[in-house]
Amino acid sequence: MFKDGIEPSGKVPFAGVAARAGARAGLDTDAREAWDRVRRRLRAEVGEEVYSSWFPRIELDGIRDGFVQLSVPTRFLKTWIQQHYIERLIALWQEEGSVDRVELIVRTAVMRAPGSIPMPVRAAVTRPSVPVETDGAAPISIAMANPAEVANGSPLDPRLNFSTYRLGDSNRLAHAAALKVAHAPSGSGPVFNPLYLHAAVGLGKTHLLQAIAADGANHGRRVVYLTAERFMYGFVAALKSQSSLAFKEQLRGIDTLVIDDLQFLQGKSVQQEFCHTLNALMDSGRQVVIAADRPPAELDALEERVRSRLAGGLVVEIAPLDDELKLEILAARIATLSHQHPGFGVPPDVLNFIARNCGQNGRDLDGALNRLLAHNQLTSRAITLEMAENAVRDLVRSSEPKRVRVDDILRVVAKHYNVSRADILSQRRTANVVKPRQIAMYLAKMLTLRSLPEIGRRFGGRDHTTVLHAVRKIDGLVGTDRVLADEVETLKRLVNDE
């Protein structure tokens, strides 16, 4: 249903999705199990937040003669993983056996032979690349794009509209706000500015944003839908071609700007231009709609003034799907699949099993149905509960680690030590505040993937050296003080149970 989870991806028709599901089903059991183990260990090492941002769409294409090929849907994702995680992926694969090389490619929707390793697709036209600064990380080389093309927006999937969006208690407010923005008549002022939607992966953010872009045009508004990745491409290309002024003017002359996946916006100069564009549009009464995987306050890579401006509008969270909404989504997806594959159907007991156990988002539901379809079509086996349990075992919800937030840690620690959250974030140095503050910093370092400077900012704007001192101190005390060690373990359990 959503591109961001409840519809199949707008970039790949379902036939391509089913083909890839079939190809993965064709991999031998050892290869699939090895890939499952690699993903579980990677998720445990990098944490749920980083894993859900970068790795849900990475797929195993094949293993042959010590050569592992993985694929991702975009060049940007490929470049980022190669820059930051390819060595770790190689090491994890080498732990699984005699693997000499791991290659990452950008996949296409072309059907593959089961278990085969396709050759990477080479573009017929290449453009120069330029490095984009990433705040201390290795520069990313971004292939140049035509600035005018980028300013015209990212492609829209016609399936992602308001009529195909399934409503439940978890997304009703976000849907109502999006509909209000989309149906605003031409020439009217902004409704909520900005409208900021946030949710974990696969809960329908992109579906709503593309629906706004599609519907806005029907009401006489000029709407531009851009992913953060495409905004970066356009800005860097404009700088390179010395057409940055035209790029800015194109974006600032529209009625509604829709930006998706803001958490991926990298580089100081790119963020500054985004901030200027945001201010120019809002100050001139234009509508801005943004989606990300976390609330504005947790976008630590963005400058404080940008986060403050984003938080000043209507911020709406899309919650995980409840079982009732999952069943409605599954029914709609099966109806679509049955038209494409006559005779395909899923028994009610299998539907209930998938709804109860297969994750919290639409992508997992799509993945479960694609696996059932692949098994059914490729093996001619009837879909039964036993077959479903085997086909979707790695999607079972209980295996998913919980994403821990700094706010959760602050809340639990403050309650445990009978101090306020404001006390922990304050400059007070009394003993009854210092100890909880240092323990909270220690837990933030242990249970999240936040860097020391990020943790310092979340703890009242403290320097990273203060956080490092607290972490080292508590770490040393835990090794010698059994009472404190038990206390810290109790707090860890409480945070994970939040």
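These legends walk you through a few views of a predicted model.

**View 1. The whole protein chain, to get your bearings.** Welcome! The protein chain has 498 residues, and 50% of them are buried. Its fold contains 22 helices and 10 strands. About 22,100 Å² of the chain is accessible surface, with carbon and sulfur atoms accounting for 51% of that area. If you count contacts between residues at least 6 apart in sequence, 76% of them link residues at least 24 apart.

**View 2. The residues that UniProt lists for "binding site".** Here we zoom in on Gly202, Gly204, Lys205 and Thr206, which an unreviewed UniProt entry gives under this heading. Look for glycine 202 in the loop that runs between strand S6 (195-198) and helix H8 (205-218). Glycine 202 has a relative accessibility of 0%, so it counts as buried. Threonine 206, in turn, is part of helix H8. Threonine 206 is buried because its relative accessible area is 2%, below the 20% cut-off.

**View 3. Helix H9, from end to end.** Helix H9 covers residues 228-240, 13 residues in total. At 1.5 Å a residue the expected span is 18 Å, and the C-alpha atoms at its ends are indeed 18 Å apart, so the two agree.

**View 4. The surroundings of helix H9.** Of the 13 residues in H9, 10 are buried, which means that the rest of the structure largely encloses this helix. Among the buried residues of H9 you can find Phe231, Met232, Tyr233 and Phe235. Ala228 and Glu229 are also on the buried list, as are Gly234, Val236, Ala237 and Ala238.

Notes
Residues are numbered from 1 along each chain as its sequence is written. This is a predicted model: local features need pLDDT of at least 70, side-chain atom pairs count only at pLDDT 80 or more; totals for chains, interfaces and linings use all residues. Side-chain values use heavy atoms; hydrogens and water are left out. UniProt positions are given in the numbering used here, feature names are shortened, and annotations may be inferred rather than shown by experiment. Helices (H or I, at least four residues) and strands (E, at least two) are DSSP runs, numbered from the N terminus. Buried means under 20% relative accessible area, exposed over 50%, partly exposed in between (1.4 Å probe, protein chains only). The expected span of a helix is 1.5 Å times one less than its number of residues. Contact means heavy atoms within 4.5 Å. Accessible areas come from the Shrake-Rupley method with a 1.4 Å probe; for residues, only the protein chains shown count as cover.
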